[in-house]
Amino acid sequence: MLSIHITVCVIQLNTVLCKFLRIVDEITAEYGDIIRFWQGPQFTVYVGRPSWIESILTNKNLTDKSGEYSFLSDWLGDGLLLSKRHKWHARRKAITPAFHFSILEQFVEVFDRNAAELVDVLDKYATSGETFDVFPYVLLYTLDVICETAMGTSVKALRNADSEYVRAVKEAASISIRRMFDFIRRTSFFYMTPTYFRLRKALKVLHNYTDNVITTRRKQLVEQSADLNGFDDECGIKKKMAFLDMLLHTTIDGKPLTDLEVREEVDTFMFEGHDTTTSAVSFTFYNLAKYPEVQQKCYEEIVSVFSDDPNKPIELSQLNDLTYLEMVIKETLRLYPSVPMIGRRCVEDVTIDGKVIPAGTNIIIGIYFMGRDPNYFERPLEFIPERFAGEKSVEKFNPYKYIPFSAGPRNCIGQKFALNEVKSVISKLLRHYQFGLPSTNAGTANIEEHREPTLASELILKPHHGIHLQIQHRHHHRPTAKTPSYGNGYA
C-alpha cells in the first residue's frame with residue numbers, strides 16, 4: 001500500500017470540484033489502486049481494486065458511512081443513508097418490502113405521466129431547433145416523480161421551477177454537499193456563517209412540507225381504517241400507495257415509526273432519488289446524442305415493444321423487455337456513475353490481504369476510476385453497450401468491478417426503482433424526439449456547448465457546464481420490429 005501526503009488549498013470551490021476527478025485520476029495512475037493519505041487530521045485509504053472492494057463491502061463491521069456523509073445529517077437525520085449498525089439493519093429490513101416488484105409496478109404510471117409532461121415542456125426546443133441544457137429539465141422531472149412516489153403529493157416542479165420547495169431542495173443539496181469539500185464549512189465555525197442560516201431556512205421549508213404531509217396522511221389512514229390496498233380519491237379512482245403510506249404501516253420490534261423517523265426516511269428517499277437519477281438520465285441522453293447508431297437501435301427496440309404510438313402508456317413488463325436500452329444505461333453508468341465514490345468508516349481494525357486498516361480510518365471506494373481502468377475493462381474509454389450482453393456481461397465475471405449502485409448488504413435499496421425510472425423516461429422521450437449534439441458551425445453558440453461534459457464530483461457526478469443538446473420531432477413511422485443488432489462499440 002503506497003503512502004502519499006496531499007495538501008489542497010481551497011480557493012475557489014467550483015474549480016476544486018471540477019478538477020477533483022482529474023487530480024485523483026492522476027494520483028491513481030501514478031501510485032496504483034490502493035493509496036493511503038491524510039486529509040488534514042483524517043487518515044484515509046483510497047481503494048480501486050475489486051478484490052479489496054469485495055472484502056470491504058461484504059464486511060458486516062464496515063457498514064458505517066465515512067465522515068463526509070455526516071454533513072447531510074441536518075437534512076436527513078438518521079435515515080437509511082446515514083444510520084449505523086443496529087438501527088440501519090432494523091430500518092433496512094423493515095423498509096425493503098416497499099421496493100417489492102408489485103409496489104414498483106404501481107410507480108410506472110407515475111414515471112410515464114411525468115415523462116409525458118417533460119415531452120410537452122421540451123417541445124419548444126424541437127420546434128425552434130434551439131440548443132438547450134437538458135440537465136435542469138431532467139432534475140425537475142425527477143423531483144416531480146420522487147415527490148409523488150415518496151409522499152403522494154405533487155409539487156409540479158416542471159411547471160413551476162421557481163417554487164419555494166424546488167428552490168429549497170436545490171439550496172439544501174448544494175450547501176450540504178459542498179461542505180464536504182470546504183475546510184471552513186467542515187468545522188463548527190460553519191454554524192456561525194450566513195451559509196448555515198441559508199441552509200436552515202431551506203431545511204425549514206423542506207421539513208415543514210414533509211411534516212404536514214405526514215400529519216395529513218396519518219389522519220387520513222385513521223379515518224379510512226388504514227386500508228392497505230389503497231384508497232379511493234374524491235373522483236372514485238383507486239389511489240396508489242406512496243412510499244410514505246408504507247412507512248406509516250411499518251413497525252420495528254412491534255412499534256410503529258414515529259413521525260420524525262418517517263420524515264427521515266421520506267427525506268432520504270427524496271434526496272437519494274432525484275439527483276442520482278437526474279445524473280443517469282442526463283448522461284444517457286448525452287451518449288445517445290453522441291452515438292446516433294446506438295440511439296437508432298434503442299429507438300427500434302422501443303418501437304418494437306411499445307408500437308409506433310408515442311403516447312401509448314408504459315407497463316413494467318414492457319420496460320423489462322428493453323434489454324438493449326438497459327445495456328446502454330449500464331454502459332453509461334460505467335463511464336458516468338451517478339455516485340462516483342462511496343465511503344466507509346472503520347470502527348475496528350480490519351485486515352485485508354495481510355494489510356491492517358486501523359480503526360477510525362475513512363475508506364474511499366473509487367467507482368468512477370475503476371470503471372475507466374484498463375486493468376478491469378477492455379478499451380475502457382470506448383462506449384460499448386455490448387459489455388452487458390448475456391452471459392458474458394461484465395457484471396457476471398466480477399460484480400465488484402462494476403458497482404454503480406454500490407454492493408453488499410448496504411447497496412442501493414432503490415436501484416430497481418431508479419433503473420425503471422431511467423428506462424421509462426428515456427423510452428418516452430425517444431419515441432417523440434431524436435437527440436443530437438449541437439452543430440459545431442453554430443457560429444455564436446457558446447463553446448461550452450460543444451465540449452465533452454466537464455465533470456464535477458460532488459456526492460453526485462454532475463456536468464459542470466450542463467449537457468447541451470438539440471432535439472427534433474420524429475416522423476412516426478414504424479421501423480422494422482426486430483431485435484437490435486449489436487455493433488462493435490464506439491470510440
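How much of the protein's accessible surface belongs to carbon and sulfur atoms? I looked that up to begin with: the accessible surface comes to about 22200 Å², and 51% of that belongs to carbon and sulfur atoms. Note to self: this is a predicted model.

**Overview.** I counted 17 helices and 14 strands in the protein. Of its 491 residues, 55% are buried. I also checked contacts with a separation of 6 or more, and 76% of them are between residues 24 or more positions apart.

**A nonpolar patch.** I found Phe183, Ile184, Phe189 and Met192 making a nonpolar surface patch of about 480 Å². Phe183 sits in helix α8, which covers residues 183–186. I noted Phe183 as exposed, because its relative accessibility is 60% and the cut-off for exposed is over 50%.

**Helix α17.** This one covers residues 415–432, 18 residues in total, and I got 26 Å from its first C-alpha to its last, close to the 26 Å expected. Is α17 enclosed or not? I found 16 of its 18 residues buried, so the rest of the structure largely encloses the helix.

**A three-stranded sheet.** Next I traced an open sheet with the order β4-β14-β11 and antiparallel pairing. β4 (132–133) and β11 (433–436) are at the edges with a single partner strand each, so each has one side without a neighbour in the sheet. Between β11 and β14 (residues 468–473) I found four bridges. In one of the pairings, Gln434 has Gln472 of β14 as its bridge partner.

**Salt bridges.** Side chains of opposite charge can pair when their charged atoms come close. My count here is 24 salt bridges, and I looked at a few.

Glu171 and Arg198 meet at 3.0 Å, N to O. Glu171 is in helix α7 (residues 164–178) and Arg198 in helix α9 (residues 194–223), so this pair ties together parts 27 residues apart in sequence. I have Glu171 as partly exposed at 26%, and Arg198 as partly exposed at 39%.

Arg263 and Asp211 form another salt bridge, at 3.1 Å, N to O. That pair links helix α11 (residues 259–290), home of Arg263, to helix α9, home of Asp211, across 52 residues. Arg263 is buried at 17% relative accessible area, whereas Asp211 is partly exposed at 26%.

Which residue does Arg334 pair with? I found Glu331, with the closest N and O atoms 2.8 Å apart. Both lie in helix α14 (residues 323–335), three residues apart, or about one turn of the helix. Arg334 is buried at 1%, and Glu331 is buried at 0%. Last entry: Arg91, Glu261, Glu264 and Glu265 are joined into one network by salt bridges that share partners.

Methods:
Residues numbered from 1 in each chain as written. Predicted model: local features only at pLDDT ≥ 70, side-chain atom pairs only at ≥ 80, totals over all residues. Heavy atoms only, no water. Patch = residues over 30% accessible without salt bridge, like charges linked within 9 Å, V, L, I, M, F, W, Y side chains within 5 Å. Areas by Shrake-Rupley, 256 points an atom, 1.4 Å probe, with all protein chains shown as cover. Salt bridge = Lys/Arg side-chain N within 4 Å of Asp/Glu carboxyl O. Helix = DSSP H or I, 4+ residues; strand = E, 2+ residues; numbered from the N terminus. Buried < 20%, exposed > 50% of the residue type's maximum accessible area, 1.4 Å probe, protein only. Expected span 1.5 Å × (residues − 1). Pairing = 2+ DSSP bridges. Contact = heavy atoms within 4.5 Å.
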